[in-house]
Amino acid sequence: MAPYPPANPRRPAPVDVRGQNSAYSSARPSPAMTAGGDGLPAQQQGFVGNMRPFSYLVKCVKEGSVTAQTELRIVIEYCNSEHYSRRHDIGRYQQIFERVMSSLNEHLRGRHFTLSCNKESGNRNALDVEPRAGSFEVYVEWSDAKSGSVNAVVLFSKLETMRYPNPANVAARLRAVLNGGEDHSDMNLGESDA
């Protein structure tokens with residue numbers, strides 16, 4: 001039997017998250033994740049690096065491997081296909097993208113980071129990756145100076161939560177963790193029903 005959806009070489013295969021807790025909370029890892037050498041789950045190499053749970057970023061900040069000088073890349077994948085559904089509003093996704101981008105710029109002032117998004121957004125840092133239907137995903141990526149590998153965590157996933165992001169809460173959660181604070185996984189990152 002052929003896997004569904006069919007493999008697309010331009011983006012990683014989606015992870016089936018039905019019936020599971022969120023990957024950025026204290027949830028058990030999804031079936032696509034395998035154990036890494038440090039005991040934390042690590043997903044196969046995706047378009048944003050080695051995907052790990054958000055708790056991995058918290059651990060790296062506490063250990064000092066992610067500091068204020070660590071350059072971050074924040075990748076925002078959002079659906080911009082007019083063929084997704086009749087109710088799909090590309091303008092709403094674009095507006096939320098701009099609000100998330102502005103919140104991240106405001107909350108992370110003074111940090112070294114780059115914002116990237118999917119290809120048809122018109123952004124100069126756009127990735128050549130086709131966004132998934134109905135997606136609004138926010139990833140944080142950084143290079144590990146010791147091993148030279150690229151790590152990434154999911155900061156927010158509309159595909160998992162079925163909600164649009166609350167831009168201020170998403171940016172505040174990332175800022176709190178990067179400043180050495182605790183992860184407030186109970187923070188309401190969603191805005192409204194999708």
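## Salt bridges and a backbone outlier

A search of the whole structure, a predicted model, finds 3 salt bridges.

**Exercise 1.** Place the salt bridge between Glu 63 and Lys 59 and give the exposure of each partner.

*Solution.*
- Start with the distance: the closest N and O atoms are 3.4 Å apart, and the cut-off is 4 Å.
- Next, the location. Both residues lie in helix 1 (residues 54-63), 4 residues apart, about one turn of the helix.
- Then exposure. Glu 63 is exposed at 54% relative accessibility. Lys 59 is partly exposed at 27%.

**Exercise 2.** Determine which elements the salt bridge of Glu 141 and Arg 73 joins.

*Solution.*
- The side chains meet at 2.8 Å, N to O.
- Glu 141 sits in strand 7 (residues 136-143) and Arg 73 in strand 5 (residues 72-78), so the pair ties together parts 68 residues apart in sequence.
- Glu 141 is buried, with a relative accessible area of 9%. Arg 73 is partly exposed at 23%.

**Exercise 3.** Analyse the pair Glu 77 and Arg 132 in the same way.

*Solution.*
- The closest N and O atoms are 2.9 Å apart.
- Glu 77 is in strand 5, and Arg 132 is in the loop between strand 6 (113-117) and strand 7; the pair links distant parts of the chain, 55 residues apart.
- Buried means under 20% relative accessible area. Glu 77, at 2%, is therefore buried. Arg 132, at 14%, is buried too.

**Exercise 4.** Describe the backbone and setting of Met 162.

*Solution.*
- Met 162 has a positive phi of about 60°, although it is not a glycine.
- Met 162 lies in the loop between helix 3 (158-161) and strand 9 (163-165).
- Its relative accessible area is 52%, so Met 162 is exposed.

Terms used. Residues numbered from 1 in each chain as written. Predicted model: local features only at pLDDT ≥ 70, side-chain atom pairs only at ≥ 80, totals over all residues. Heavy atoms only, no water. Helix = DSSP H or I, 4+ residues; strand = E, 2+ residues; numbered from the N terminus. Buried < 20%, exposed > 50% of the residue type's maximum accessible area, 1.4 Å probe, protein only.
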